[in-house]
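Please open the structure and keep it in view while you read. These notes take one topic at a time.

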Amino acid sequence: MRLREEGHSAELILLWKELLPLGDAWRCKELWDYEEGKGENRGRGALLEALGRIPVVQKIIGTGRRVNFGEQGRWIEGRREASKQEQKLGEDWDGQGKAGMEGANGRCRTGALEGENVRCRESGMEEANGRSRTGAMEEANGRSRTGVMEGVNGRCRESGMKGADGHSREEAVVMTRLAACVEQAKRETHGDHPGAQQQEGESLRARMERWTRADVGRSGNGTQRADSSGAQWRELSAAAKRAASALQGRALLRGEAHALLEGAADIGGALQLAQLHGWLRLSGAVAAGGGGRLRQRRKGGARCLRCGSGEAHMHRTRCASCGRMCAYCSACLGMGRSRECELLILGMPSLLGGAAPAPPPTEAAFARWGLSPAQAAATKTALRFVELTLHSASAGTRQGESPPSFLLWAVTGAGKTEMIFPLVDSVTRLGGQVLIATPRRDVVLELDPRIRKAFPEAKVVTLYGGSEQRWERGGITLATTHQLMRFHQSFNLVIIDELDAFPYVNDPVLHYAAERCCSPVAARMFLSATPPRELQRQARKGRLPHARVPARYHRQPLPVPSLLRTPTVKQMLAMKRIPAALQTAMLKSLNRGAQLFVFVQRIEQTEPMAALLRSILKQPAIEGTSSKDPQRADKIIRFRNKELRVLVTTTILERGVTIPRSDVYILDADGRLFDEASLVQMAGRAGRSADDPNGFVYFGGKERTRSQVAAVRHIQKMNRIARSNGYLEQ
Amino acid sequence: MKWLIQFLQRSYSGIDRSIQWLGPSPVSCTFCGQTIRGGGNSTSRAGLPSELPKSFISSVCHSCLYNIPWLLRPKCWICGRGVVCGDCARRTNAYFVANRSAVQYTSEMREWLAQYKYRGNEQMEPLLTEMMVPAYRAVTKLAAARIALRNPALNNPPKGGAVSVSEVHWDAITYVPVSSERAEERGFNQAERFAERISRQFQIPLINLLYRDRHTEKQSFQSRSERMRNTQRLFRALPEGLAHLSQLAAKPSAGKRTASLESGYISETSQRRQKRQILLIDDIYTTGSTIQSCSEALHLQSPLPLDIYALTWARS
């Protein structure tokens, strides 16, 4: 009897899934799960009644149909007048559900279907039609409604077919196949299948997964299934498998999944079957606040399952896709809209390929990377960490907490990119997926050729907004941090470069994405010259494993900034004069053949300052640029090509640009926008090449601020550590 | 000693942060996301349409606000374009009276509309609608002037003075429909949303009068002649909507009209004026073919004579 009940509840869930839009069905399922866990001794009828009493369910049932006021030509006064009708429908549905429960096996479904037909007729064909397009799931559902009937009763009801009208006969056949396999899963739950022993305390989802798996196991000797349907079933099953492997490690919205699986026939059906097999997870892109488990409900509010944003970023609007007030997430709008009735497809995690662990790298093998002593020491520590982590993680899967991380604290110009090569190499050899993420697109583009050159045999995929390789997968992925939102438990080694840079810093969405893209078997590596305070503290306390690279690859100390007392840029511009000390220093730099970075605080000061310097230094090759400058890329190229001698700019150029022979002038260094980290970064533009290791750095300001002093100390400290470790040439 | 210094340093940064918290919370511009500096009150309204709501000014940053290409002085009296317009001169069988748009459809405006329409940033919706208020006033004024012209008796209303904007009565506001496919893909019909907000703000009954027969390609990918061909017989009037409209006209409705009823002046107007004044809302007016096609459908199927005016967000 107990088993029987189980079967019925599975059936009920499936029924729900077929009747409701996906987001709602999902919520109902969660709720059902919860309710069932609570009331074990009550009968099914009581359970259903209890469910019916829950306002959320009522609401879901009531609004499962689309209500479009405008279309009926009613006068909208900002008020909905159809609530009565909705309620009636709700009751209707309730009745059906009960009838369905009470009827014996096959017959109950007929009743339910008839109810559905009544509903279809009542609200017009358009509705059934329209609703079926809501999500990928719906595509399958709208049609499989007819399909299930065919599978069960072996006859096709014309009214049912009409409900699914607009779809070709061919599609209906495919759906029939899907329905047949769902049916098989259901039948086995009725106890015909000896393996389906119920286990105490198992969640409904787990049970459903087991049933569907059992179905796969038995598909070989399909005794009850007609031969033709067996072949069709295998075909669909293969499509589902293909979809599941293509979606592995991804988190995609419905439209994105369709773009990824482009060309495949019947994507909706394949996805649904893959979900039933547990090869991927389908859910609403926004987890609704009202539904869900009680614990979540208490916590309050909806949550975007793609970017992790909470209620603060949710906006509820009337939605024409699902006909209700439907929340969408405004935090990740730029990556396609994630909303309650939108489908989110989460692939399975990528685990390590199971290749035999590579032998520990010999000194000779390591030497091929050509690292300096400082780089080599840090890289070896990191390598040991990565290998240990992956090894222990594949033994016992980590649960819940954030992935193990390692901080590689390397000064500006230390050669961070070369240092990650051995790590990437080691993990790709293990068959793992590697991700290198940086906040900025230009850095990704710059990194791309270097990685391809270092790993000619690996498939490198470069992702950024508008990338051509958007749907490809490879062993090594280079991406901007925003692209990480499209991944879910995907990578075994995640390297996050410039982690203290805009926009990664202070953006919880990107942090969430960077955490979620790590596979359960993963190590995470942070690279920075100026790690945020919190990470520095953790490293000091020993909570965060780290390695420091205090010296540049050319084994010369970092240039230590000199402090100059200067008036503010505003005053200089007003008086059309710069202080004598600054002028002499600049002329000296120009005479020694260096190129000059001049940093100012505000965008609108760049151009006037450039003009002022042009006239004072009698040097025409001076330009100003900023993030708002359309010719920025062009000016930077000219600066790189030495066509420009002086570039006046803001903090946008504090990272990433390497000019062999350069001096750095920071004006208004006492200003609010320049903190210790950005002063250190800007100072790091000087003396980067082996030909000219001793550039000059000047901090000009009215006052000596804490940031300036801290930046100077930071640089001096790094030099001291380097010297004491013998990393500097004497 | 060292820990004390550390402690002080840490508390310093804590205080620093809390001071930031105490300051006025920064409002970011809905269009560009930049923080709006300074109080919204200090901004001068020079160069802005005088009817622009205050709430709009305070939630848009300075540079966005002053770069909006308003269409304040139309050169073409029919389509509201800022330049003299050949299209309207060529058109011999216009079914609508006139169109007024809020802004020129420049590349920035295109970007804004795309943000809303295609990206689905629905937070922009109230602001985009508020931008239409000056154009709404303009089209209402136009309608008033036309009524006054047609009924010379009304040129001397009992109280003296010309017919003013507030006294003109729109019988209904309606919008250009989208196909159900598009509505589902996008989640909303932008024209419907605009119309809804305007109807609420000015208390005009919103009636859905139109239905889109077939699903067409996005118009933004089409040439002028393609658009013209495509929009032919694309729309149908909804009988329910038309019935609702005539019902509305039969019985004097409550609200604004009663307020100025004291002299019996307005009720007199509505009796004499037999044509129903309809305001049709859409997002963009490009060749006018959509508006024309909608108006045609309404004219052909409506039992009542109609005067159809269009109000659009942008004129390209």
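The points below cover a sheet in one chain, then the other chain.

1. Start with the status of the model: it is predicted.

2. Look at the sheet in chain A. Seven strands form it, and the sheet is open. Their order is β10-β11-β9-β12-β13-β8-β14, and the pairing is parallel. In general, strands of a sheet pair through backbone hydrogen bonds, either parallel or antiparallel.

3. Which strands of chain A stand at the edges? They are β10 (460-463) and β14 (546-549). Each has a single partner strand, so one side of each is left without a neighbour in the sheet.

4. Now take one pair inside chain A. Strand β12 (residues 491-496) is joined to strand β13 (residues 518-528) by five bridges. The two run parallel. A:Val494 stands opposite A:Arg524 of β13.

5. Find helix α18 (residues 416-429) of chain A. It lies across β8 (405-410), β9 (434-438), β11 (476-480), β12, β13 and β14 of that chain. Relative to β12, the helix runs at about 175°.

6. Turn to chain B. It has 14 helices and six strands. Of its 316 residues, 48% count as buried. Its accessible surface comes to about 16,000 Å², and 53% of that belongs to carbon and sulfur atoms.

7. Finish with a surface patch on chain B. B:Trp3, B:Leu4, B:Phe7 and B:Leu8 make a nonpolar patch of about 460 Å². B:Leu4 sits in helix α1 (residues 2-22) of chain B. Is B:Leu4 buried or partly exposed? B:Leu4 is partly exposed, because its relative accessible area is 33%, and buried would mean under 20%.

Technical notes. Residues numbered from 1 in each chain as written. Chains lettered and ligands numbered in written order. Predicted model: local features only at pLDDT ≥ 70, side-chain atom pairs only at ≥ 80, totals over all residues. Heavy atoms only, no water. Pairing = 2+ DSSP bridges. Helix = DSSP H or I, 4+ residues; strand = E, 2+ residues; numbered from the N terminus. Contact = heavy atoms within 4.5 Å. Axes fitted to C-alpha atoms, helices over the stretch in contact; angles between N-to-C directions. Patch = residues over 30% accessible without salt bridge, like charges linked within 9 Å, V, L, I, M, F, W, Y side chains within 5 Å. Areas by Shrake-Rupley, 256 points an atom, 1.4 Å probe, with all protein chains shown as cover. Salt bridge = Lys/Arg side-chain N within 4 Å of Asp/Glu carboxyl O. Buried < 20%, exposed > 50% of the residue type's maximum accessible area, 1.4 Å probe, protein only.
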